[in-house]
Amino acid sequence: MAGIDYGERIPNNVSLGDNRRLQRALEEWQPKFLDWWMSMGPTGFQQKDVYLRTAVSVDAQGWAQFDYVRMPEYRWGLFLAEAEAGRTIGFGDHLGAPSWQEVPGEYRGVLRRLIVTQGDTEPASVEQQRHLGVTCPSLYDLRNLFQINVEEGRHLWAMVYLLDAYFGRDGREESEALLQRRSGDRDKPRILGAFNEKTPDWLSYLMFTYFTDRDGKYQLASLAESGFDPLSRTCRFMLTEEAHHLFVGETGIGRVVQRTCELMREGKTDDVRRLGGIDLETLQRYINFHYSVSLDLFGSEVSTNAANFYTMGLKGRFEESKKRDDHRLKDATYTVSELTGDRITTREAAALPSLNERLRDDYIADCQRGVDRWNQIIQKHGIGFELRLPNRGFHRAIGLFAEVKVSPDGLVLSEAAWDSNKHAWLPTESDQAYVESLMQPVTERGRFASWIAPPVRGVNSQPIDFEYVRLT
Ligand code: BYC
């Protein structure tokens, strides 16, 4: 079992103690990270005991040790999945060559950019979620929020390790800059669009963990295929933590749907707002918003960047190693969307520049699976309503669809038609005000806010009314 050395100031399984230069660089960064955590991390609760999971080793058994921890004392560290002996590069021009243990000089800039973009999202999400604790719907949910926040902090550490260990002075400058950009800041925004949006309430947060964290899963899985072995190993371990974030999103929205359906049945009404629930139409509008903003995170349909990342062996496809083709894709094609007049059609395009679209397709199929499960909850209650993912062209700001307006059903619309319908498709000010009005903290053990059902089971086999966060 690959244990993690907790005797070190920075827990790690990368033999940090043998590399004085790196150790010094990271030890200099650590207090700056903590300053950032205290000023931009969760508001309040920093001195409370939280029932958190900490990784103690990177194998299947060892990465989840539960105990009460105060967040600033969480052991953020550097954990890479075990090295695979004899690993070779699985795609692109260097297919079959031994994977790189050092940065290939000719790809240095591109690789650094990829790592910085990934790293930037991690603190951004903590910043976006920092005010949520004070309006938690239960102690169970509060604990899950903080678990995600500390792990996003650790994912930042993971990228900073790569920058400091492999990119010298430039890497250290980038590590500093990761703590200086701010989500939503006009002068120093975070790099990608969705990470500058607000996460003002718990419904938005659950949507974010379902839709936006899922982009994380697909991007990390593609980077886990990288020929640059340290990046691959880092991302493989991050994916184990990511699974919990997706669980929080999927079950969280499922619990909201469950509660709404219960209120509809019990009250024999569709007007669940009267009963303190979130109506299915509002849920649909939140889905439309968070899904479309997350689709943008995959970049343009046709991207030479994506083709280059692949050809260089830096970023693969989702489950690259399971695919049965030549892993070079020079002559392959892929079906991408196209605008023909006011219709959305498809065409065959060269596969390499279409890799963003391909990853988006994998993501869309995965998003649909959760929506199907939420619809099963609605069906079980005998309610005739179906939640749906809007068309991929709906409400987009990046790529082909950025210049047009598309309805959830996939019709290209005039500006006037869009303006007169958008309130039916995207959260309105009154939706937001209503959801905000529900955000009253519930902190009694075992109690839940009116708008969300309890989970089916507690964390780590603990009861649902366990004291997940000790507030007194
Ligand atoms: N916003 O060729 P294009 C996560 C830029 S989430 C703003 O189409 P490319 C997490 C692009 O940078 C996963 N700008 O795109 C989730 C490029 O600029 P340059 C994060 C954007 O490069 C929840 C230009 O537009 N990880 O982990 O093929 C909580 C043309 O772009 C956006 C990654 O993203 C945008 N949405 O692909 C916590 C993986 N989209 O180069 C964490 C690393 C594009 O012309 N990143 N642009 O100046 C990448 O693989 C790629 O950078 C992207 C973009 C897929 C994001």
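**The ligand and its surroundings**

In this predicted model, an oxygen atom of the ligand lies 2.6 Å from a polar side-chain atom of Lys315. Two further polar contacts involve nitrogen atoms of the ligand. A polar side-chain atom of Gln118 is found 2.6 Å from a ligand nitrogen, and a polar backbone atom of Gly193 is 3.0 Å from a nitrogen atom of the ligand. On its own, the ligand has 1,000 Å² of accessible area, of which the protein covers 81%.

The ligand takes up the space of the largest pocket. Helix H2 (108-128), helix H5 (202-223) and helix H8 (304-311) are the elements that give two or more residues to the shell around the ligand. Of these, H2 supplies the largest share, with seven residues.

The shell may also be described by its chemistry and by its nearest members. There are 29 residues around the ligand, and those that come nearest are Gln118, Ser300, Ser303, Asn305 and Lys315. By residue class, the shell divides into 13 polar, nine nonpolar and seven charged residues.

Attention now turns to Ser39. This residue is found in helix H1, which comprises residues 20-40. Ser39 counts as partly exposed because its relative accessibility is 38%, a value between the limits of 20% for buried and 50% for exposed residues. In sequence, Ser39 and Arg112 are 73 residues apart, and their C-alpha atoms are 27 Å apart in space.

Methods. Residues numbered from 1 in each chain as written. Predicted model: local features only at pLDDT ≥ 70, side-chain atom pairs only at ≥ 80, totals over all residues. Heavy atoms only, no water. Near = heavy atom within 4 Å. Polar contact = N/O pair within 3.5 Å; in protein donor to acceptor, adjacent residues only side chain to side chain. Areas by Shrake-Rupley, 256 points an atom, 1.4 Å probe, with all protein chains shown as cover. 1 Å grid on protein atoms, 1.4 Å probe; cavity = no way out; pocket = protein on both sides within 12 Å on 5 of 7 lines; lining within 4 Å. Sits in = over half its atoms within 2 Å of the grid points. Helix = DSSP H or I, 4+ residues; strand = E, 2+ residues; numbered from the N terminus. Nonpolar A, V, L, I, M, F, W, Y, C, P; charged D, E, K, R; others polar. Buried < 20%, exposed > 50% of the residue type's maximum accessible area, 1.4 Å probe, protein only.
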